[in-house]
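Student: I am new to this structure and would be grateful for a close look at a single part of it. Please take me through that part step by step.

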Amino acid sequence: MSSLLVDNIGELVTNGAGEGPLGIRRDAAVLVEEGRVAWVGPSAYAPAADRRLDAGGAAVLPGFVDSHAHLVFAGDRATEFAARMAGQPYTGGGIRTTVGATRAATDNELRATVRRLRGEALRQGTTTMEIKSGYGLTVADEARSLRIAAESSTETTFLGAHVVPAEYADRPDDYVSLVCGPMLGAATPYAKWVDVFCERGAFDVDHARAILACGQAAGLGVRIHANQLGPGAGVRLGVELDAASVDHCTHLGDADVDALAGTAHSDGSGTRTVATLLPGAEFSTRSPYPDARRLLDAGVTVALATDCNPGSSYTSSMPFCVALAVREMRMTPAEAVWAATAGGARALRRDDIGVLTPGARADLVVLDAPSYLHLAYRPGVPLIRQVMRNGVTP
Ligand code: NIG
Ligand code: FE
């Protein structure tokens, strides 16, 4: 068994025991054995190991957990972005453009895009990335999207209910039956989660409930795209169905915030249903940002994710999302970094990632900076010096 000691860490974010909400330790070291964190403590008292990585006084934090991404698609929608920046609103209508391109692509073309984006994210410190289907929208195309997604992640999500495809435009009930029946059956072997885009122009709350309940009955965990483009009952539906996460949360009423707050664990460790905020989408659609402070002040557990997709948020960068959350959503740098690591883990109901405590997976990032603060303080700067996943450099 080979061990590795990462030592001379100026500032270690553990998200466990330590100073403040990030569990910070200074002049620290992390011992890695068999891909797991075996010990965390002062660098001066570090145990011997077979190999050593000198962090040179830099900051080290858990790898980012990006709990919301749509990577299986073909083509891009740069012209749609340009039109938006010239004043066009975002409606989600461009999803069908990507569906057409995705259906026309070969498996290898889709695979290459997933790998390219997954690699891009990894170089920016993302060690876990959820990947959704949702641009196939036929039984075969959703199944292959998830099969390809599963080659790059264990956190795969069936989003057959992304929009009603054009060929079902005048019979949405039939499409919902297809999603709940043969499509779900073909998706289940490759999916861990089920998701629905619950929004005007996509699926209403009754259709969303039906689809999520079918997915749940088939053994999938629930997540939902809700309250992105306007108010609605999607967030409350997520709470009703014990969703791990309700995502977007841009337009919330008091009843939505109260419903999320009502899922609080009795031990004070936050809420069972996480609000995942996706500031890349507001950036790229030039929309008002979600009110993170209101959620945090109500005790709701908040995660940050990229929503990486060719329409509303074509970024794979968690550092960018952290910077946006701090600057535009009034999250403190500590809240944003927690939300991008431990928060993402909570949104995936995982306790083995997003933390650097004994027993956790040795997924970590060495920054080219002395503090996690620099992630928001130095936006757009490539601060990820080294990434480790399962204790090895990928
Ligand atoms: O999360 N909201 C729905 N789905 C994506 C956008 C997809 C697209 O525009 O292609 C999102 O923002
Ligand atoms: Fe999304």
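Which of the 15 residues around ligand 1 come nearest?

Tutor: Please note at the outset that this is a predicted model. Around ligand 1 there are 15 residues, and those that come nearest are R77, Y90, Y135, H162 and S312. By character, this shell comprises 4 nonpolar, 9 polar and 2 charged residues.

Individual atom pairs give further detail. Y135 places a polar side-chain atom 2.6 Å from an oxygen atom of ligand 1. For D307, an N or O atom of the side chain is 2.8 Å from an oxygen atom of the ligand, and for H248 a polar side-chain atom lies 3.0 Å from an oxygen atom of ligand 1. Taken alone, ligand 1 exposes 320 Å², and the protein buries 100% of that area. As to its location, ligand 1 sits in the largest cavity.

D307 also leads to the second ligand, an iron ion. The protein donors of this iron ion (ligand 2) are NE2 of H68, NE2 of H70, NE2 of H225 and OD of D307, at 2.1 to 2.3 Å from the ion. Along the sequence, the spacing of these donor residues reads H-x1-H-x154-H-x81-D. Two of the donors, H70 and D307, link distant parts of the chain, being 237 residues apart. H70 belongs to the loop between β6 (64-66) and α1 (78-85), whereas D307 belongs to the loop between β14 (302-304) and α11 (318-329).

In summary, D307 has a side-chain N or O atom 2.8 Å from an oxygen atom of ligand 1 and is also one of the protein donors of the iron ion.

Technical notes. Residues are numbered from 1 along each chain as its sequence is written. Chains are lettered from A and ligands numbered from 1 in the order in which they are written. This is a predicted model: local features need pLDDT of at least 70, side-chain atom pairs count only at pLDDT 80 or more; totals for chains, interfaces and linings use all residues. Side-chain values use heavy atoms; hydrogens and water are left out. A residue is near a molecule or strand if one of its heavy atoms lies within 4 Å of it. A polar contact is a pair of N or O atoms within 3.5 Å; within protein, one must be able to donate a hydrogen and the other to accept it, and residues adjacent in sequence count only if both atoms are side-chain atoms. Accessible areas come from the Shrake-Rupley method with a 1.4 Å probe; for residues, only the protein chains shown count as cover. On a 1 Å grid over the protein atoms alone, a cavity is a set of points where a 1.4 Å probe fits but cannot get out, and a pocket is an open set with protein on both sides within 12 Å along at least five of seven lines; lining residues have an atom within 4 Å of a point. A molecule sits in a cavity or pocket if more than half of its atoms lie within 2 Å of its grid points. Ala, Val, Leu, Ile, Met, Phe, Trp, Tyr, Cys and Pro count as nonpolar, Asp, Glu, Lys and Arg as charged, and the others, Gly among them, as polar. Donors are N, O and S atoms within 2.8 Å of the metal (3.2 Å for Na, K and Ca); water is not among the atoms, so sites may look incomplete. Helices (H or I, at least four residues) and strands (E, at least two) are DSSP runs, numbered from the N terminus.
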